[in-house]
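Subject: Structure handover

Hello,

Here is the structure I promised to pass on. My notes follow below it.

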There are 2 protein chains.
Amino acid sequence: MKDLPDDGFHVFDTTLRDGAQREGINLTVADKLTIARHLDDFGVGFIEGGWPGANPRDTEFFARARAEIDFRNAQLVAFGATRKAGVRAEDDPQVKALLDSGAPVITLVAKSHDRHVDLALRTTLEENLAMVRETVAHLRSQGRRVFLDCEHFFDGYRANPAYAKQVVATAHEAGAEVVILCDTNGGMLPGQIDAVVRTVLADTGARLGIHAQDDTGCAVANTLAAVDAGATHVQCTANGYGERVGNANLFPVVAALELKYGRRVLPEGALEEMTRISHAIAEVVNLTPSTHQPYVGVSAFAHKAGLHASAIKVDPDLYQHIDPERVGNTMRMLVSDMAGRASIELKGKELGFDLGGDRALVGRIVERVKERELAGYTYEAADASFELLLRQEVEGRPRRYFRVESWRAIVEDRPDGTHANEATVKLWAKGERIVATAEGNGPVNALDRALRVGLERIYPQLATMELVDYKVRILEGKHGTESTTRVLVSTADGQGEWSTVGVGGNVIAASWQALDDAYAYGLLRAGVDPQE
Amino acid sequence: MKDLPDDGFHVFDTTLRDGAQREGINLTVADKLTIARHLDDFGVGFIEGGWPGANPRDTEFFARARAEIDFRNAQLVAFGATRKAGVRAEDDPQVKALLDSGAPVITLVAKSHDRHVDLALRTTLEENLAMVRETVAHLRSQGRRVFLDCEHFFDGYRANPAYAKQVVATAHEAGAEVVILCDTNGGMLPGQIDAVVRTVLADTGARLGIHAQDDTGCAVANTLAAVDAGATHVQCTANGYGERVGNANLFPVVAALELKYGRRVLPEGALEEMTRISHAIAEVVNLTPSTHQPYVGVSAFAHKAGLHASAIKVDPDLYQHIDPERVGNTMRMLVSDMAGRASIELKGKELGFDLGGDRALVGRIVERVKERELAGYTYEAADASFELLLRQEVEGRPRRYFRVESWRAIVEDRPDGTHANEATVKLWAKGERIVATAEGNGPVNALDRALRVGLERIYPQLATMELVDYKVRILEGKHGTESTTRVLVSTADGQGEWSTVGVGGNVIAASWQALDDAYAYGLLRAGVDPQE
């Protein structure tokens, strides 16, 4: 079942439980199933799916995950609390729901900070230990693997180290396989984590795990500090999603373990999928992937400085801490007004143009880029628009598939509360004047449809193209809707995806520009000859 | 001049030089001057402003900064390279430009990795040492303080520790006040940094600084590890801006030093300005402030989990690693469909409503929030829309200032390349039917103006309100412009700012909803009675 040789090290993912606490994330059951599949593909050992019984969504997730997913690498984990004070573990409905989930592994959360026992649980320190002991023993007697999360462990250790350690020892003796020390409030630094993990390990003999929150910006380093100190179980979330600042980010943690420590913690070949998996999960939770995320961000291996660009031509390894392909990412040269000639030449090469010999041409391209970026365009995020610009300079004139005479978009809110969106375009293509009108669910959609309606007869290739992402950015944040608007459009044709940019004082006009470039590039990609 | 007692510890900011390498940042001279003022207000000791002579913008920055800014805390630093191989330092125009900048402090960058000397500088190891020695000595003889950045130090140390240390010793002996060990490729982990800094300190006796890049996600921890090992100079950037993944983030570094180490590194009272300064700098560089940034993100002290919400009512300190007010941030309770009754009650209290006594009312609000969030609304980022919803439930009916009969927006691209944007609104207010038409630089702007033109006679308070931010988010990224659109609008009235949300299949209709809420809330804030 497991691709890993032994149970020596646990990569434990809690994206679906703790990660879902992030502001802005709301997961459906379908979302959770999709993410679980991605995490299993990636090769984590454990996927904590939620708190069965706490809400119908999590209960349904466990039922469906067991039925629908054939896990190749991961074991499914249910999360829940120790029994309530004064109730037998076998009589506590919350504990029963954990067993009913059918998950082979159960993570119990327990209080290990004396003040939390008093103020949040409202019970005695002795009863809390009994709750730990009896709940662990009960679940073990039912044949489940049990991990125990010590909530607020590090703060609790500072307040009352003897009691905090007693909770760890109690869980360990009752049969918990791993006891996880949680920096729930996220206030720790690596040196503190290191010292506490070493002491607890020596004093209790329990197998220890680490759960770090990122409130000091050190969650990755704290996780690694715990591993250095002897922890053999790391709890992380994809892209560091989690409450407040977030949790320890799974990706830099496993990348450090594999690439810096030389420790195999994932199945063979998994690391090369990391960038793809990170972006796919961001897509499911509907957050834009962080462009600056270590290892997997689109900027993580992007070089901008002119100084570096010329040296990178000599030896890329001198300027990168790892080969980006090891994590499924790629090196990129950024086209920007800081970029000198060397960057433009490298970028041209990336696109298949050898500009090396023509100094005047490279100079013209640098100038055009500077001038357009000053107006608000960004070619860093719009490779297709850059290639059109570059081709225009190389070929001496734009390669045009159609000419726009004018267009119009109307949005109307009617007294009955419905909306009408209508667009008309007037175009010339193949010497023919085309007037087309279409409706859409918004003005940009109506324009997009009108353009297709008008052109599809002449360019049937347009039928395979689809807008897959649409981003609007206001460039000067100080005057609301009076600012310059930049639109980035991503278009796909089943073979690949490309990005184009439009800029204007007007969201519709900026969108039109980006659409215009998107279809021009799509037709170019498709090998169509211009027939304007 | 300096508020700090001595020169014992350097907080060195390089946002304007290294931070500007971040993908997506393009700073004008005016931007740089504004950021320099913010950094000086915050109280950093050194502001690296750029590379005078390398481009006209940086040269102009130094001239204007000296003339226009009366620094209270910081010294201005010019960045440049050691002299070219085979040229005398006093004859090198690049070195001369550093002196001409008038900056009292100069940071020189030097190679300390033998392979970079060979491949990038194309000179000998001996000549590189002479370049360091002579350039430092020349600048010192001209009365400048000199810091020396050892580029690629940690990789260089791994390849050839003796040579890397020789560069440090050479700079130190020639009069460089601080030698900064740079993890230029960002591949290090805290343990490695700690070991190397300790050894270099012991072997050279030089005063050491640290410059960490965040490629492993450990830049903050790496910076602190260097301090633990004896470095007394930290190079950071505001919000961690920088090439690739970014640089060590100034804010969590100084917060850790002040709040966790108890070390005074900023003037009295500066830390409480941290959140404001972080957001102000993001505004200038035109990047949305990271919501999940440690200490200063709007989510950094936001609590979502129902579990926590009930306990936070007892004692907030149990659930926060620091009091958010110490860094100028605030605790927030998030309204979301994961929130239970306790969160809604706390949020109500935050807004001045005591909902504690009315279980049915709280239940109704929880239901409305769930239902609206399912449709794509988000109240986490739109407090004003939430307050309108809450008031509607508390007061039994919406407080309406006007009723919309219909509206229409037209965008037209004319054959001459200009655009016309026109909007008409039909409204009822104070028993009167109002028809108003206005033009704008875009359809939303035209609608905004038409609404104001129509209503300003009845509600003159609208004149003080202004849209200050406008964000569009596509909720389902899979179908381009056919997706659901969410618009967030921020509006200000000179006293404060509030955020509202609109959702629809249509960017214009969603914007209209957000505008409608924005003005309703603005009039409510202004104490106006509804006169529909």
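For the comparison of chains, copies are superposed by least squares on the C-alpha atoms of residues with pLDDT of at least 70 in both. Please keep in mind that this is a predicted model.

Symmetry first. A turn of 180 degrees, with a shift of 0.0 Å along the axis, lays chain A on chain B with an RMSD of 0.1 Å. The two copies are therefore related as by a two-fold rotation axis. In chain A, Ile410(A) has the C-alpha nearest that axis, at 2.2 Å. The interface fits this picture. Of the interface residues of chain A, 99% are also interface residues in chain B, so the copies meet through the same surface.

Next, the domains. The assignment for chain A gives three entries: domain 1 (10-285), domain 2 (302-374) and domain 3 (403-525). Taken over C-alpha atoms, the centres of domain 1 and domain 3 of chain A are 47 Å apart.

Now the cores. Nonpolar side chains tend to be buried together in soluble globular proteins. Here, the largest nonpolar core has 200 residues. The residues with the most contacts inside that core are Leu148, Phe153 and Met274, from both chain A and chain B. What does Met274(B) touch, not counting residues up to four places away in sequence? The list is Phe42(B), Phe251(B), Val254(B), Ala255(B), Tyr295(B), Val296(B) and Val327(B). Another core, of 88 residues, lies apart from the largest one. Its members include Leu467(A), Ala384(B), Ala423(B) and Leu451(B).

Two local spots are worth opening in your viewer.

- Helix α9 of chain A, residues 219-228. This helix is mostly covered, with nine of its 10 residues buried. The buried residues are Ala219(A), Val220(A), Ala221(A), Asn222(A), Thr223(A), Leu224(A), Ala225(A), Ala226(A) and Val227(A). Gly230(A) follows α9(A), and its phi is positive, near 120 degrees.

- Ala212(B), in strand β7 (residues 208-212) of chain B. Buried means under 20% relative accessible area. Ala212(B) has 1%, so it is buried. Leaving aside neighbours within four places in sequence, Ala212(B) is in contact with Asp183(B), Ala219(B), Asn222(B), Thr223(B), Asn247(B) and Ala248(B). Ala300(B) is 88 residues from Ala212(B) in sequence, and their C-alpha atoms are 23 Å apart in space.

Best wishes

Definitions and conventions. Residues are numbered from 1 along each chain as its sequence is written. Chains are lettered from A and ligands numbered from 1 in the order in which they are written. This is a predicted model: local features need pLDDT of at least 70, side-chain atom pairs count only at pLDDT 80 or more; totals for chains, interfaces and linings use all residues. Side-chain values use heavy atoms; hydrogens and water are left out. Contact means heavy atoms within 4.5 Å. Helices (H or I, at least four residues) and strands (E, at least two) are DSSP runs, numbered from the N terminus. Buried means under 20% relative accessible area, exposed over 50%, partly exposed in between (1.4 Å probe, protein chains only). Domain bounds come from an automatic or database domain assignment. A nonpolar core is a set of buried Ala, Val, Leu, Ile, Met, Phe, Trp, Tyr and Cys residues joined through side-chain atoms within 4.5 Å.
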